[in-house]
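Hi everyone, thanks for making the time this morning. I have one model to walk you through, so let me put it up on the screen.

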Amino acid sequence: MPTLPLADRLLYLAYDPGISPKGGGLPGLSVLKTVVNSINLFGIIAVVGALAVSLGVWAWGHHSGGHQAEANGKKGATVAVAAALGLGAANGIVAFFSALGSQVQ
């Protein structure tokens with residue numbers, strides 16, 4: 001490749017910086033993965049507890065005639081289910097959009 005003037009090299013870098021994700025470049029990557037996995041597990045355990053409480057509030061509100069408690073229990077259960085879906089699919093969602101982003105030219 002012929003030597004380009006400085007302005008042309010900077011312009012080329014603006015279009016193609018040559019950066020791509022690569023594992024093993026920094027120390028502590030395995031520790032970081034372990035920490036993130038533990039945070040995800042903690043989140044899933046918290047969602048199980050939130051779902052149990054929300055279902056209990058829903059049932060209590062239904063049987064006691066407390067319509068607001070019943071509605072809050074339904075909302076809590078819905079949010080807990082959505083959070084579980086997000087936590088379980090987090091790795092796949094990030095991988096999907098990362099692959100999609102790497103196709104941008």
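I'll go through the overall fold, then the helices, a pocket and a pair of rings.

Please keep in mind throughout that this is a predicted model. The protein chain has three helices and zero strands, so reading from the N terminus on, the elements simply run α-α-α. As for burial, 10% of the 105 residues of the protein chain count as buried.

Let's take α3 to begin with. This helix has 36 residues, and from its first C-alpha to its last it reaches 49 Å. That is close to the 52 Å expected at 1.5 Å a residue. Where does α3 bend? The bend is at Ala89, and it comes to about 60 degrees. You may also want to colour α3 by accessibility: Ala69, Glu70, Gly73, Gly76, Ala77 and Ala80 are buried in this helix.

Now over to α2, where I picked out three residues to follow along the helix. Ala46 is found in α2, and Ala46 is 9.5 Å from Ala84 in space, C-alpha to C-alpha, with their positions 38 residues apart in sequence. Is Ala46 buried or partly exposed? Its relative accessible area is 43%, and because partly exposed covers values between 20% and 50%, Ala46 is partly exposed.

Gly49 is also found in helix α2. Gly49 and Ala80 are 31 residues apart in sequence, yet their C-alphas are 9.0 Å apart in space. Ala80, remember, is one of the buried residues of α3. Gly49 itself has a relative accessible area of 32%, so it is partly exposed.

The third one is Gly61, again in helix α2. Here the C-alpha to C-alpha distance to Asn72 is 8.7 Å, for two residues that are 11 apart in sequence. Why does Gly61 count as buried? Because its relative accessible area is 0%, and buried means under 20%.

On to the pocket. The largest pocket holds about 220 Å³ of space. Which elements give two or more residues to its lining? Those are α2, residues 29-64, and α3, residues 67-102. If you'd like to select the lining yourselves, pick Leu32, Lys33, Val36, Asn37, Asn40, Leu87, Gly88, Ala90, Asn91 and Val94. By class, that lining has five nonpolar, four polar and one charged residues.

Last stop, the aromatic rings. A pair of aromatic rings is described by the distance of the centres and the angle of the planes. How many aromatic pairs are there in this model? The count comes to one. Phe96 and Phe97 form that pair, with 5.0 Å centre to centre and 80 degrees between the planes. Since planes over 60 degrees apart count as edge-to-face, this pair is edge-to-face. Phe97 counts as exposed, because its relative accessibility is 52% and the cut-off is over 50%.

That's my tour, and I'm happy to rotate the model for anyone who wants another look.

Definitions and conventions:
Residues numbered from 1 in each chain as written. Predicted model: local features only at pLDDT ≥ 70, side-chain atom pairs only at ≥ 80, totals over all residues. Heavy atoms only, no water. Phe/Tyr/Trp six-rings, centres within 6.5 Å; stacked < 30°, edge-to-face > 60°. Buried < 20%, exposed > 50% of the residue type's maximum accessible area, 1.4 Å probe, protein only. 1 Å grid on protein atoms, 1.4 Å probe; cavity = no way out; pocket = protein on both sides within 12 Å on 5 of 7 lines; lining within 4 Å. Points joined across faces, edges and corners; volume = space filled by probe spheres on them. Helix = DSSP H or I, 4+ residues; strand = E, 2+ residues; numbered from the N terminus. Nonpolar A, V, L, I, M, F, W, Y, C, P; charged D, E, K, R; others polar. Expected span 1.5 Å × (residues − 1). Bend = angle between axes of the 7 residues up to and from the residue.
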